[in-house]
Structures are given as C-alpha cells and as structure tokens.
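Hello,

Here is the structure we talked about handing over. Please open it first, then read my notes below.

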Amino acid sequence: MTAYPEPGLPGQVTVYEVGPRDGLQAEAAVVPTSEKIAFIRALRAAGLPIVEATSFVSPRWVPQLADATEVLAGLEPDLAPYPVLVPNQRGLDRALESGARSVGVFVSATQSFAQRNLNTTRTAAIEAAQSVTAAALGHGLAVRGYVSMCFGDPWEGPVAPQTVAAVSRELFDAGCYEVSLGDTIGVGTAGHVGALLAAHEQVDRLALHFHDTYGQALANVHAGLRGGVTTFDASAGGIGGCPFAGSATGNLATEDLVWMLDGLGIQTGVDLRAVVAAGAAITRRIGKITQSRVAAALTVG
C-alpha cells in the first residue's frame, strides 16, 4: 500500500486490542481457554502492543470470562501487556491473585446505563471505580478508565460532551493513566467527536472506543486523529458489542483501523495480515462472519 500522510495528524498511534475481552464477552458459545490463549498470543505476535485479555467479572453475569485466572496463567510471565477489566474490589482481588499488572475500571456517563448495566447510580459507580483505582495503584498496578455511553444512550438520548468530560475528570483525578471514551451504541459522528474532545482538558490522555452501528467508526477515528488522540480501541474481526445495550453492534475492526492508519502513513507496529489471520480464526470458532471489510477483501478467493 502506498501511504499518503495527512498534515497535522500524529505520526504514531497505539492500537489497543479489546477482542479477547470485549469481543468475546457477549458470545453465548463458550470458547475453550486454550483457544482464548492462542488468540491472545496471535494478536501479540501480530505486533499489537496491548491486548486486553479478560475480565474478572462475576461468572454468573459473563460466563464466557469465567476462566479469567486460567487465561492469565497461560500467558507469559510479564502480564503488563495484558490488561484485565475489574468491575469492583472483588474483581481486583481476583486479578491481583492471578498476577495482573494492569487493570481497567468501568463507569457510565449516564444514569440509565449505570442502573441497567451496573445496578447502581452513576455517582456510586464512579465512587466505586475511584476506590478500586486507589487500591490498584497501591499495589503498583496501572489503571485505565472506561466511560460508556459517551455519545448517546438508548434510554436517555444524546449525551452532552460536558457531562462526559466531568466523568472523565473524576477518573483522571483518581489516578487513571488513560481514559477510553466509548460510543457504546455507535451513534457518534465526526463533528460530535470534535465537540467531545474540545470539552476535555487532557486529550493527550484520552483513547476512543467506537462501535460501527451506523458505519461511522472510521470517520470518527479520523476526527479523533485530527483532535490529537493517539490511542484507539479495536477488536479483531469486529467481534463483540455491548451485551447490555441491545442496539450496539460490533466494535471497530482492528483490521479496518490498521488499514486506514497504514494508508495515512501512521506507524502502529502492527502486521495487518497477521491480525487478519487471528481474526479469521476466532470468527470461525464462534461461528460468525468477520465484520471487517478489510479482512473480507483480503481473504476473497
């Protein structure tokens, strides 16, 4: 591919792979632990610097991730490149017992989603995340924050950028090194991305997490690049969505993101063909067709 760099865009971007956790969590057919480990290893071998491995959530809520401890045990001794999501103190305790070195905490920008997803108020969820963050930092772990419903909520409608910025600030103040802003139902548009970033004071510490429900994910990535964001979440094969938001379709596909960044001459260190292979293997395993247009194009015939 010939690259055509665009003035004003970053020269390097971190692709934050979330397929093994966010991609698989809603799948009804449980993937064997050994195959999850193979998937994670394949993604790392493809050059992805961070691969979110699993979540220490209650197995009753997310049976797919009941083997979180076993997954981490199957990875190399240095677990820093394999963050795990921890929804509460119990999740953090389990993550620590399993040797995790990097964790993520999760809050909602809206009251409705906090109630429906976390069974609590938005304020209580933020306070819980702050408490878990403090405890994790006390153990020397890196902590990333996630904010869901940053663009729109299926029950509340559009979400004001200032509302999201206030929630992000709480996570930064708690000690999160980075906060990922999620378009959980995929309603964001490029102009909205710009407005959301403008409402934040620490854009250099933000990541963006897009869903492609309305086909806007790559346009939104471009808006994020223009706004100074250098970390984007993505999922190999475009697998996953939000199990607690019925209208949410798949995550932005890692393959599509890398193709776009390669075309702009932005360095990622990611081997596109290797990601295509990893995504193809996992989508076959769960009985799905890849949601990546790039992967589909590269594997025709």
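**What I found**

Start with D153. The backbone nitrogen of E156 lies 2.9 Å from a polar atom of the D153 side chain. Keep in mind throughout that this is a predicted model.

D153 sits in strand β7, residues 152–153. The D153 side chain also makes a polar contact with the side chain of T110, at 2.5 Å. Leaving out residues up to four places away in sequence, D153 touches T110, S112, F113, V159 and I185. What about a charged partner for D153? D153 is buried but has no salt bridge. R116 is the nearest side chain of opposite charge, and R116 is 6.6 Å away. A salt bridge needs a side-chain nitrogen of Lys or Arg within 4 Å of a carboxyl oxygen, so R116 does not qualify.

**Just before β7**

M149 is in the loop between β6 (142–148) and β7. Its phi is near 55 degrees, a positive value in a residue other than glycine. M149 counts as buried because its relative accessibility is 0%.

**Cysteines**

How many disulfides does the structure hold? Zero. Look at C176. The closest cysteine sulfur to the sulfur of C176 is in C150, 13 Å away, which is too far for a bond. C150 is buried, with a relative accessible area of 0%. C176 is buried too, at 1% relative accessibility.

**Salt bridges**

The count comes to seven salt bridges. Here are some of them.

- E35 and R285: the side chains meet at 2.7 Å, N to O. This pair links distant parts of the chain, with E35 in helix α2 (residues 33–45) and R285 in helix α11, 250 residues apart. E35 is partly exposed, at 32% relative accessibility. R285 is partly exposed as well, with a relative accessible area of 32%.
- K36 and D67: the closest N and O atoms are 2.9 Å apart. K36 lies in helix α2 and D67 in the loop between β3 (54–55) and α3 (68–73), so the pair ties together parts that are 31 residues apart in sequence. Both residues, K36 and D67, are buried.
- R21 and D22: the closest N and O atoms are 3.8 Å apart. R21 is buried, and D22 is buried too. A network of salt bridges links R21, D22 and E52.

**Nonpolar cores**

Which residues touch the most other members of the largest nonpolar core? They are V103, V147, L181, L225 and F232, out of 78 residues in that core. Helix α11 (residues 272–285) gives the largest share of this core, with five residues. There is also a second, separate core of five residues, and Y16, V18, I50 and L85 are among them.

L225 is a good one to click on. Leaving out residues up to four places away in sequence, L225 touches L9, P10, V13, F232, M260, L261, L264 and I266. F232 is on both lists: it is a contact of L225, and it is among the core residues that touch the most other members.

**One link to look at**

Helix α11 comes up twice. It holds R285, the partner of E35, and it supplies five residues of the largest core.

Best wishes

Definitions and conventions:
Residues numbered from 1 in each chain as written. Predicted model: local features only at pLDDT ≥ 70, side-chain atom pairs only at ≥ 80, totals over all residues. Heavy atoms only, no water. Helix = DSSP H or I, 4+ residues; strand = E, 2+ residues; numbered from the N terminus. Buried < 20%, exposed > 50% of the residue type's maximum accessible area, 1.4 Å probe, protein only. Lys, Arg positive; Asp, Glu negative; His and termini not counted. Polar contact = N/O pair within 3.5 Å; in protein donor to acceptor, adjacent residues only side chain to side chain. Contact = heavy atoms within 4.5 Å. Core = buried A, V, L, I, M, F, W, Y, C linked by side-chain atoms within 4.5 Å. Disulfide = S-S within 2.5 Å.
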